[in-house]
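Work through the exercises below with the sequence and the coordinates at hand. Each task is followed by a worked solution.

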Amino acid sequence: MSEATCRRELELEISAEEVSKKSKVSRRNSRASANVPGFRRGKAPVSLIRRKFADDIKGEVLQSLVPERVEKAVAEQKLTPVSQPQVDKLDFNEGQPLKFRAVFEVAAGNSNWAINKSLEFEMPTMDITDADVTKTLEEMRERAATFAPIEGRAIEDGDLPK
């Protein structure tokens, strides 16, 4: 983890027990709602559910456990992420801990708060008159103006620019 930059990389792990518990809950939910030919809803064998819905179960486990663990690690280290964590180096095998890396950007204040706090700057005073405001508004109106043809009447003297 490099302190000089705003990029952070966290190597995280979720225990095998926690992964196993979540997998069981996910399998139970899949079994209850699965429509497997030859079985009534909710009555298919767990081994068949595990085989048929393995990818769905794995995805559900990852979607619930990984963001939760990343959020906990960020809070523990008192970081302020400014980008969505990207998860890579995912090592997910049944019966083993789930290991992964989360990479994200943090606010600059997380690394150099004392330095940033001591910076001072002086803002020059600006004299803005009503004429300046009127001029700016008129320029904005001109840029936003559109021209549309008027049909059904003759051109009058008031319609022509002076």
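The exercises that follow treat a predicted model, moving from the overall fold to helices, strands, core and salt bridges.

**Exercise 1. Fold and surface**

Determine which secondary structure elements the chain contains, in what order they occur, and what share of the residues is buried.

Solution.
- Step 1: The chain has five helices and three strands.
- Step 2: Along the sequence, their order is β-α-α-α-β-β-α-α.
- Step 3: The chain has 162 residues, and 20% of them count as buried.
- Step 4: The exposed area is about 13,000 Å², with 52% of it supplied by carbon and sulfur atoms.
- Step 5: Among contacts with a separation of 6 or more, 59% are between residues 24 or more positions apart.

**Exercise 2. Two helices**

For H3 and H5, find the span from first to last C-alpha and list the buried residues.

Solution.
- Step 1: H3 covers residues 54–76, and its 23 residues reach 33 Å, close to the 33 Å expected at 1.5 Å a residue.
- Step 2: H5 covers residues 130–144, and its 15 residues reach 21 Å, close to the 21 Å expected at the rise of 1.5 Å a residue.
- Step 3: In H3, the buried residues are Ile57, Val61, Leu62, Leu65, Val66, Val70, Ala73 and Val74.
- Step 4: In H5, the count of buried residues is zero, and the helix is hardly covered.
- Step 5: After H3 comes Lys78, which has a positive phi near 55°.

**Exercise 3. The hairpin**

Describe how S2 and S3 are paired and what lies between them.

Solution.
- Step 1: S2 (residues 86–91) and S3 (residues 98–105) run antiparallel and are joined by four bridges.
- Step 2: Val87 has Ala102 of S3 opposite.
- Step 3: Six residues separate the two strands of the hairpin, and Gly95 in the turn shows a positive phi of about 85°.

**Exercise 4. The nonpolar core**

Identify the residues of the largest nonpolar core that touch the most other members, and the elements that contribute to this core.

Solution.
- Step 1: The core has 24 residues, of which Leu12, Val19, Val70, Leu98 and Phe100 touch the most other members.
- Step 2: Two or more residues each come from S1 (7–14), H2 (46–52), H3 and S3.
- Step 3: H3 gives the largest share, eight residues.
- Step 4: Leaving aside residues up to four places away in sequence, Val19 touches Ile14, Val61, Leu65, Phe92 and Leu98.

**Exercise 5. Salt bridges**

How many salt bridges does the structure have, and which residues are linked in a network?

Solution.
- Step 1: The whole structure contains four salt bridges.
- Step 2: Arg7 pairs with Glu9, with the closest N and O atoms 3.1 Å apart. Arg7 is partly exposed at 38% relative accessible area, and Glu9 is partly exposed at 31%.
- Step 3: Arg101 and Asp88 form a salt bridge at 2.6 Å, N to O. This pair links distant parts of the chain, with Arg101 in S3 and Asp88 in S2, 13 residues apart. Arg101 counts as buried at 12% relative accessibility, while Asp88 is partly exposed at 28%.
- Step 4: Arg7, Glu9, Asp88 and Arg101 are linked in a network of salt bridges.
- Step 5: Glu138 and Arg141 meet in a salt bridge at 3.1 Å, N to O. They are three residues apart in H5, so about one helical turn separates them. Glu138 is partly exposed at 39% relative accessibility, and Arg141 is exposed at 52%.

Technical notes
Residues are numbered from 1 along each chain as its sequence is written. This is a predicted model: local features need pLDDT of at least 70, side-chain atom pairs count only at pLDDT 80 or more; totals for chains, interfaces and linings use all residues. Side-chain values use heavy atoms; hydrogens and water are left out. Buried means under 20% relative accessible area, exposed over 50%, partly exposed in between (1.4 Å probe, protein chains only). Contact means heavy atoms within 4.5 Å. Accessible areas come from the Shrake-Rupley method with a 1.4 Å probe; for residues, only the protein chains shown count as cover. The expected span of a helix is 1.5 Å times one less than its number of residues. Two strands pair if DSSP finds at least two bridges between them. A nonpolar core is a set of buried Ala, Val, Leu, Ile, Met, Phe, Trp, Tyr and Cys residues joined through side-chain atoms within 4.5 Å. A salt bridge is a side-chain nitrogen of Lys or Arg within 4 Å of a carboxyl oxygen of Asp or Glu.
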